[in-house]
Every structure is written in structure tokens, then in C-alpha cells.
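Biologist: Please select one buried position in this model and examine its surroundings closely. I should then like to see how that part fits into the packing of the chain as a whole.

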Amino acid sequence: MRYTSPCLFLWLFLWTSLANAASTTSSTTNTVAPTFPAATKLRDIDVKSTGWDSFDHVDHVDADSEAGRKFRRTVYSHDDWKQHRSPDRLFYYIRAMFQRGVYQNLLPQVLWHVGLAAFICLWNGLLVHGMVNFQGVRQAPLSWGAGTWPQLALPMAPINLAASSLGLLLVFRTNTSYGRWDEARKNWGSNINRTRDLVRMANAFYNEKEVKGSTTTNAQQRHDDLHQVALCTWMFVRSMKRHLSPEQDDEGPFQEEIQQKLTMASRPTASQHLTALLQAQHRPNRALQDLSYAIEQLPLHMWRKTQLHQALTQFEDNLGACERLLTSPVPVFYSRHLARFLSIWFFLLPFGLYDTFAQCSWNGIGLLPAMGLLTVLLFGIEELATQLEEPFTILPMQAFCDKIYNWVMEIASFQPLSAPTTAPQSSKTAKGGEPTAVPLQ
């Protein structure tokens, strides 16, 4: 009975942890994951749930964090930047720490290492040193285990020696994953710039003198040609977004959106255009080819058409760079070695820390929360790198496409301003004190 109090406390903690793990696994496998609003339109999820804290708009994020990746497609406004710099942000981040999918992914590792620490404390307390009861009196080890079982402990020297190498591997892994995200974001930034530039040049270079017909006919032809270029430009970036997204997430919204935009355009070849795009094996290539056809139909000089085609070459380069990122992960032997290194190092860590916590905490129980916290912090670095490695499902590509559509359609509708017949009056005056009008050159 002398071990009842301390043993009951430690076993209760361990049993609670294992029960939580079992209930989490059961809920993951036997229940249907909650549904999330589809991130398909800028005015829907891409506005409401992509700012300073996207998860503040949802009640639950799936434990595997896959369903929650859409809420990481961050688009900041000035108000979001104010919250980002808020002096209260640190308290909010800590309070919301375990409500986020990244940290929920770490639950199996946390439970495993906390359970290992509890086992070490029980082993050494019951079989080697004896437990300290709540009155502070150390009891003798169990009679059938006294003097026959070794202490579960290791020196910290080899663990400390490997820590620096582990730190370098984690830094390199994180920097490499962030570099992939940054490259993908720059490719889409280039797409945004080139789409505006392409439609701007098409509008400015358009030569109505080469269009046969009345003034009204020429104006309508100009409208149709420029809006066809703008629509094909958007169709390329939207096809690229679909090409880089999981089929189950974006195929339905993609077909619906393409059909809606082609119907709004009221083109006689809309149905043929839609069929050709949807049946293409590589849809971005088909969309880019349609854009080339639209440029060739413009009444422009060949040299100016060549300038427009240079933007299409940049589109092709951006598409190829994104395909390279999607199909080529960080070399898997590097990622696997880091995961094995980190797992083995953490497996040995509680053996090295036991003596320290046995001296400063009751029966070494302080080792349990210490291992839980260290697991979250260090395994969290590796988890963040893994989440960043594939950047396209966390980039706000739908928001980019929606903004591109709005911008290119607006640029296509711009009209030249009518020039005045005379220049502003000169400061020089003619005889009689009246200012002299200077004719335009």
C-alpha cells in the first residue's frame, strides 16, 4: 500500500494519455470529417478566411490538416498587417496553439514520448530507487525487483554532441521548403504582372484603321477582340491553377467557372472552346494555344504581335517551373534521414534527462511535460517544413485568378481619351493683352 499514492498518480496520467490517443484514432477512422466551404470564389472563402488568422473563421480543423490547408492561403490587407504587428499577437498565438492543424498532427509523437518518459519514471522509481510518497518519504523498491534491474538512464554527452548536427539539418530542411514556397509565389506574381501587361499592350496597340466597317462596327469589333484576349488570358491562369491543384478539390469548380465565363462572353464558338479545353490532356497548353490564336487575330503589326507573344513565353516558363516544384520534392533520402535522426534523438533524450528531473521534481515527473513541450517545438519545425514543401495547396491561387479576371477585363474596356483641339493657353499675350492660343503640333 505504500506505493499506492504515487503509482496511482503516474498510472492515471499514462492511462489518460493512451485513452485520448485511442479516442482520437477512433474519431478519425469512424466518423465523417466535417465539411468546409469550398474555396472557389474570391468573394467567398478567399476573402473571409485568408487574412491575419484564417482559422478564426472555422470551428474545427481536421486532425490530418489536409482539409485545413485551404485556410492557409493567406491574402493580407492593411487591416491584417495591423493585427500582424499587434502587441497582443504573442498571447493570441500561444492561446490558439493547440487549435491548429499543424500541432494536431504532432499528437501521436507527443503521446509516444510522454508515455516513454512515464515508463522510465515508473521503472526507475518502482524497481531501482524506490518512489517518494506524498509525505516526502522515499520508499524501498519492490522486493522482487530490488537490485536486479538496471537504471534506465544515459549520459547527456552523446545526446548533446548530436544536437548541433540535428539543428543544422532542421535549418536546411526548413530553408529549402520555404524556398520552394517562395519560388511558387514568385511564379504566380510573374503571371499576375504578365497578364496585365499583355492586355494593356493589346489595348494600346490595337489598330482600328485595319478593321473594315463603320465606326460603330469598328468599336464593337475592338470590344470583342480585346475581351477575347482578356478571357483567354484568364483561362490560362485558371487552367494552370487546376493543373496544380488536386482533382477532387478543383475539377468541379473549374468546369463550372469556365462554362460560366464563356457563357457570359456570348461568343459563337463558346461551346467548342469549352469542349476543346476540357478534353485536352494538358489544359494549360490548350489555353495558351487559344490565347495565341486570339493574339494572331488582332489587327496589329507583326512586330507588335511578337511583343505580345513574349508574355506567353513567360507564361510557359512559369508553368514549367511550377510543374517542377509539384513533381520533384526535396530528395526523399534527405527528408527520411532527418525524420529518423530526429526520432532516434528524441527516443534517447528522456533517458539522458531522467537524472536531472529526478533531482528537481517529485519522482522525476517533471520529465513528462518537458518531453511533451520539446516534442511539440522540435517536431513542429520538421512538420512546418513538410507542410511548406508542396506550396500550391496553401497558395491563394483562386484569389489570384479572380483578381486577374477582374483586372484584365477592366483593362480591355479602357478607351483612349479624346484629345483637345488646342493646347492650354500660353502665358504669352498678343497685342491687346489677350493670351495667344498655341495649336497642337
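Modeller: Ala230 lies in helix 8 of what is a predicted model. Its relative accessible area is 0%, which is under the 20% limit, and therefore Ala230 counts as buried. Apart from residues up to four places away in sequence, Ala230 touches Val199, Val408, Met409 and Ala412. One of these partners is remote along the chain: Ala230 and Val408 are separated by 178 residues in sequence, yet their C-alpha atoms are 5.4 Å apart. Contacts across long stretches of sequence are frequent in this chain, since among contacts between residues at least 6 apart, 76% join residues at least 24 apart.

The chain has 441 residues, of which 43% count as buried, and its secondary structure consists of 15 helices and zero strands. In soluble globular proteins, nonpolar side chains tend to be buried together. Here the largest nonpolar core comprises 52 residues, and the members that touch the most others are Trp188, Leu291 and Phe392. At least two residues of this core come from each of helix 7 (157-205), helix 8 (215-243), helix 9 (247-265), helix 10 (270-279), helix 11 (283-296), helix 12 (302-327) and helix 15 (397-413). Helix 8, the element that carries Ala230, is the greatest contributor to the core, with 10 residues. Leu291 offers a view of the packing in this core: beyond residues up to four places away in sequence, Leu291 is in contact with Leu198, Val229, Cys232, Thr233, Leu312 and Phe315. A second core, separate from this one, holds 32 residues, including Val330, Tyr354, Phe357 and Met371.

A further buried position is Phe254, which belongs to helix 9. Phe254 has 0% relative accessibility and so counts as buried. Its C-alpha atom is 7.6 Å from that of Arg238, a residue 16 positions away along the chain. When residues up to four places away are set aside, the partners of Phe254 are Arg238, Ser239, Arg242, Leu277, Leu278 and Arg283. This list includes three arginines, namely Arg238, Arg242 and Arg283.

Two helix pairs complete the picture. Helix 7 approaches helix 13 (residues 332-360) with axes that come within 10 Å and cross at roughly 145°, and this crossing is left-handed. On the helix 7 side the contact involves Ile159, Ala162, Ala163, Ser165, Leu166, Leu169, Leu170, Phe172 and Arg173, and on the helix 13 side Tyr334, Ser335, His337, Leu338, Phe341, Leu342, Trp345, Leu348, Leu349 and Gly352. By class, these residues comprise 14 nonpolar, four polar and one charged.

In the other pair, helix 6 (residues 107-129) packs on helix 14 (residues 367-389) at an angle of about 150°, and the axes are 9 Å apart. That angle is over 145 degrees, and helix 6 and helix 14 are therefore roughly antiparallel. Their crossing is right-handed. Helix 6 brings Gln109, Val110, His113, Val114, Ala117, Ala118 and Cys121 to the contact, while helix 14 brings Leu367, Leu368, Met371, Gly372, Thr375, Val376 and Phe379. The residues of this contact divide into 10 nonpolar and four polar, with no charged residue. Met371 of helix 14 is also a member of the second nonpolar core.

Terms used. Residues are numbered from 1 along each chain as its sequence is written. This is a predicted model: local features need pLDDT of at least 70, side-chain atom pairs count only at pLDDT 80 or more; totals for chains, interfaces and linings use all residues. Side-chain values use heavy atoms; hydrogens and water are left out. A nonpolar core is a set of buried Ala, Val, Leu, Ile, Met, Phe, Trp, Tyr and Cys residues joined through side-chain atoms within 4.5 Å. Buried means under 20% relative accessible area, exposed over 50%, partly exposed in between (1.4 Å probe, protein chains only). Helices (H or I, at least four residues) and strands (E, at least two) are DSSP runs, numbered from the N terminus. Contact means heavy atoms within 4.5 Å. Axes are lines fitted to C-alpha atoms, for helices over the stretch in contact, and angles run from 0 to 180 degrees between N-to-C directions. Angles under 35 degrees count as roughly parallel, over 145 as roughly antiparallel, 65 to 115 as roughly perpendicular and the rest as oblique. A crossing is left-handed if the near helix is turned anticlockwise from the far one by less than a right angle, and right-handed if clockwise. Ala, Val, Leu, Ile, Met, Phe, Trp, Tyr, Cys and Pro count as nonpolar, Asp, Glu, Lys and Arg as charged, and the others, Gly among them, as polar.
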